[in-house]
Amino acid sequence: MTFRDLKCKEVINCCNGVKMGFVTDLEFCPVSGQIKCLIVPEPGLLFGCFCGGKVVEIPFCDIVRIGPDAIVVNLPMKPPKLKK
């Protein structure tokens with residue numbers, strides 16, 4: 001599988017069913033050559049790496065499955081923020 005193939009797949013969090021977006025980049029270990037994490041712009045950003053927006057780094061160990069159309073990840077949900 002090439003990086004071009006990964007960029008065409010949508011990332012979905014199986015913990016809450018949220019569509020997180022598409023992979024824009026990846027980080028790998030220069031020594032071992034293994035992928036460390038996938039990088040996805042935060043929801044609502046079209047081009048996270050170009051507009052200076054925040055990104056979500058998804059550790060490779062949190063990837064559940066890479067299917068023909070999507071990448072399913074298991075990222076725990078953040079606790080809700082309490083309003084005062």
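A residue is called buried when its relative accessible area is under 20%, exposed when that area is over 50%, and partly exposed in between. This scale will serve in reading the structure above, which is a predicted model.

The overall plan comes first. The protein contains one helix and seven strands, and from the N terminus on these elements follow the order α-β-β-β-β-β-β-β. Of the 84 residues in the protein, 24% are buried. The accessible surface amounts to about 6,400 Å², and carbon and sulfur atoms contribute 60% of this surface. Among contacts with a separation of 6 or more, 33% join residues that stand 24 or more positions apart.

The confidence of the prediction also deserves attention. The mean pLDDT of the protein is 83, and 79% of the residues reach at least 70. Among the elements, helix α1, at residues 3–7, has the lowest mean pLDDT, 88, while strand β7, at residues 70–73, has the highest, 96. Where pLDDT is low, the predicted coordinates should not be read in detail.

One part of the fold may now be followed residue by residue. Strand β3, covering residues 25–28, pairs with strand β4, covering residues 35–41, in the antiparallel sense over four bridges. Six residues lie between the strands of this hairpin, and Gly33 there adopts a positive phi near 80°.

Glu27 has two partners to consider in this region. As a bridge partner in β4, Glu27 has Cys37. In addition, Glu27 forms a salt bridge with Lys36, with 3.3 Å between the closest N and O atoms. A search of the whole structure finds one salt bridge. How accessible are the two residues that form it, Glu27 and Lys36? Glu27 counts as partly exposed because its relative accessibility is 30%, a value that falls between the limits of 20% and 50%. Lys36 likewise counts as partly exposed, because its relative accessibility is 46%.

Is Cys37, the bridge partner of Glu27, buried or exposed? Cys37, which has its place in strand β4, has a relative accessible area of 7% and is therefore buried. Leaving aside residues up to four places away in sequence, Cys37 touches Leu26, Glu27, Glu57, Ile58, Pro59 and Phe60. One of these residues, Pro59, is 22 residues from Cys37 along the chain, yet the C-alpha atoms of the two are separated by 4.2 Å.

How values were computed: Residues numbered from 1 in each chain as written. Predicted model: local features only at pLDDT ≥ 70, side-chain atom pairs only at ≥ 80, totals over all residues. Heavy atoms only, no water. Salt bridge = Lys/Arg side-chain N within 4 Å of Asp/Glu carboxyl O. Buried < 20%, exposed > 50% of the residue type's maximum accessible area, 1.4 Å probe, protein only. Helix = DSSP H or I, 4+ residues; strand = E, 2+ residues; numbered from the N terminus. Contact = heavy atoms within 4.5 Å. Areas by Shrake-Rupley, 256 points an atom, 1.4 Å probe, with all protein chains shown as cover. pLDDT = per-residue confidence, 0-100. Pairing = 2+ DSSP bridges.
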